[in-house]
Each structure stands twice: as C-alpha cells, then as structure tokens.
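I opened this model to look up ring pairs, charged pairs, surface patches and a few backbone angles. My entries follow in the order I made them.

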Amino acid sequence: MQKKRSINKMFLAIIGILLAIIFVAPILILVNSSFKTLQEIYIDILALPEHFSFQNYLKAFEKMDFLHSLINSLVITCVATVLILLVSSMAAWVMVRYKTKVSKVLFIVFSAALLIPFQCVMLPLVDVMSKLHLMNRPGLIFMYIGFGCSMSIVLFHGFIKNIPVELEEAATIDGCNMFQTFFLIVLPLLKGIMATVAVINVMWIWNDFLLPSLIINKNGMQTLPLRTYLFFGQFTKKWDLATAALVLCMIPIVIFYLSCQKHIVKGITAGVGK
C-alpha cells in the first residue's frame, strides 16, 4: 500500500514538472530572445544569444514611449480596479443581506453575464459609446467596470455569505447606518477576497489589447499592450525589439502578482459557499 502511494506521488510529481516546463518555456524563450539580434532570432530561436546586450531594451523603451504608456496603463488599471472592488462588494453585500426576488434575479443576471463573450457585444458597444462621446479613457474605465463586475460580484457574494450577520446586527444596535455598517464592519472582513478580485482584474485589464484598441487607439492615450503593436508592421516584424517590449510590459504585472499571490488561493477558497 505504501509502495503504491509512493508511485502515485512520483507520478504526480512528474506530471507537475512537465506542466511547469510547458508553462514556463514560452516565458524563457521570450526573455532569451529579447537579448538577441533579429538575425540570431531567425537563425535559431532556442539558442542562447552570442552576446547579452540591453540595446533591444533601450531601443524599445524609447520607441514605445514607455513611461508615458506606463502611466496610461497604471491610471486606467488602478482606477478601474478600485471602482470594480467598491461597486461589486457593495452590490454583493446588498444581494446577500436583502433577500428579495429582485436581488435573486439580479444575481442570476450577473452570473449569466459571465457566459457572454465580449466579441458578441463588441460592435454594438462601440457604437453606443461613440454616440455618448465616451471614446476616451473615462469611457474605457466605465466599460471595464461593466465587464469586471459580474465575476467580482459572484466571488464577493460567496464570501459574504460566510460572514456572521450578528456582527452587522450589533453594529445597527450601536447606531450605525447602512453605509457605516458596510465600511466599518463588513469591508475590513473582505481583505482576503479583495486581494483575489484585485489580482484577477488587474491582470486582465493590464494585458487587455482588444478593448483599448477600439476605444483609445490614439497617440498619447495608448496603453502598453497597444504600444507593443508598433513593432509588428504589414511587411516587417521587429522581433528583437518586440520581445524586449513584451518583457518590459510583463515586469510590473509580474511584480504585482508575486506580491499578492498568497492571497489568491486563500480568497477563492474562502469565497466558496457554505
């Protein structure tokens, strides 16, 4: 029996190693290629560079106007994520605590919205936002809130159901109104799921290309993913600069993910219903 368990553990370890290699290999190839010349990339994509040089990074940094694009991405990502956290947590709390037919229907609608692909509403959405004169950064943030709230509300909903309602009743007896109860009692208890929802939305918004390309694809307003597209022309593709630019785009989000990863599993597990 013990021998069989050892074999099973070894088998699972081998599978884990193979999966790790599959997921890490593209990132290693990308980083390796960012130090190579265009000729070296075309000759052998897997070979190590003859000379490690940061020239690709310096050229990509300058051509993509990295600092300006970084600020655009940071503003859009941070503002949209903070508003998603605030709106979805408040909405989920009301749906859990005020159990009416309307709240049940609303939760079903938000859950069903997860099944609708963005491509299905892309053209009508752009048409409506154009008529409302919201083809700009505030309009983009508004759309991110709409698309991000569905999944966030579902996660918050499951987490809030596990919070004892007696805490809120005690706060009400002490004279707290609805807003005081939420911000002083409920919100501090949502730190775990807040981190999970924040990481999920930040990674999605930061890496998004399609929606910004439809809404703010103008000089001075572009995010980092849009600027990396400069290296892919109709007849030429500057893979040496493009790989360096992609690595530069990855660095901020990787740092953010590594700093918050310990909260992800904890928040999702805690968000499972009773």
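**Aromatic rings**

I began with Tyr 57, which is buried at 12% relative accessibility. I kept in mind that this is a predicted model. The cut-off for buried is under 20% relative accessible area, so Tyr 57 qualifies at 12%. Its ring partner Phe 54 is exposed, at 55% relative accessibility.

I then counted ring pairs and got twelve aromatic pairs. Phe 54 and Tyr 57 make one of them, with 5.9 Å from centre to centre and 45° between the planes. I logged that pair as tilted. I also noted that Phe 54 and Tyr 57 belong to one aromatic cluster with Phe 35 and Phe 52.

Next I looked up Phe 118 and Phe 147. Their ring centres are 5.3 Å apart and the planes stand at 75°, so I entered the pair as edge-to-face. The cut-off for that label is planes over 60 degrees apart. Phe 118 is in helix 6 (residues 118–131) and Phe 147 is in helix 7 (residues 137–160), so this pair ties together parts 29 residues apart in sequence. I checked cover on both sides: Phe 118 is buried at 18% relative accessibility, whereas Phe 147 is partly exposed at 32%.

**Salt bridges**

How many salt bridges does a search of the whole structure find? I got two.

In one of them, the side chains of Glu 168 and Arg 97 meet at 2.9 Å, N to O. This pair links distant parts of the chain, with Glu 168 in helix 8 (residues 165–173) and Arg 97 in helix 4 (residues 66–97), 71 residues apart. I looked up the cover of Glu 168 and found it buried, with a relative accessible area of 6%.

Lys 131 and Asp 127 also form a salt bridge, at 3.4 Å, N to O. Both residues lie in helix 6, four residues apart, which is about one turn of the helix. I have Lys 131 down as exposed at 61% relative accessibility and Asp 127 as partly exposed at 41%.

**Nonpolar patch**

Which residues make the nonpolar surface patch of about 830 Å²? I listed Phe 11, Leu 12, Ile 15, Leu 19, Ile 22, Phe 23, Val 24 and Leu 28. I looked at Leu 28 separately and placed it in helix 1 (residues 2–33). Leu 28 is exposed, with a relative accessible area of 54%.

**Gln 222**

Is Gln 222 buried or exposed? I found it buried, at 9% relative accessibility. Gln 222 sits in the loop between helix 11 (210–215) and helix 12 (224–228). Leaving out residues up to four places away in sequence, I found that Gln 222 touches Ser 69, Asn 72, Ile 216, Asn 217 and Arg 227.

**Positive phi**

I finished with backbone angles. Asp 65 has phi near 50°, a positive value in a residue other than glycine. I placed Asp 65 in the loop between helix 3 (55–63) and helix 4, and it is partly exposed at 36% relative accessibility.

His 133 is not a glycine either, and its phi is positive at about 60°. I located His 133 in the loop between helix 6 and helix 7. At 66% relative accessibility, I entered His 133 as exposed.

Methods: Residues are numbered from 1 along each chain as its sequence is written. This is a predicted model: local features need pLDDT of at least 70, side-chain atom pairs count only at pLDDT 80 or more; totals for chains, interfaces and linings use all residues. Side-chain values use heavy atoms; hydrogens and water are left out. Patches are made of residues with over 30% relative accessible area and no salt bridge: like charges are joined within 9 Å, nonpolar side chains (Val, Leu, Ile, Met, Phe, Trp, Tyr) within 5 Å. Accessible areas come from the Shrake-Rupley method with a 1.4 Å probe; for residues, only the protein chains shown count as cover. A salt bridge is a side-chain nitrogen of Lys or Arg within 4 Å of a carboxyl oxygen of Asp or Glu. Helices (H or I, at least four residues) and strands (E, at least two) are DSSP runs, numbered from the N terminus. Buried means under 20% relative accessible area, exposed over 50%, partly exposed in between (1.4 Å probe, protein chains only). Rings of Phe, Tyr and Trp (its six-membered ring) pair if their centres lie within 6.5 Å; planes under 30 degrees apart count as stacked, over 60 as edge-to-face and the rest as tilted. Contact means heavy atoms within 4.5 Å.
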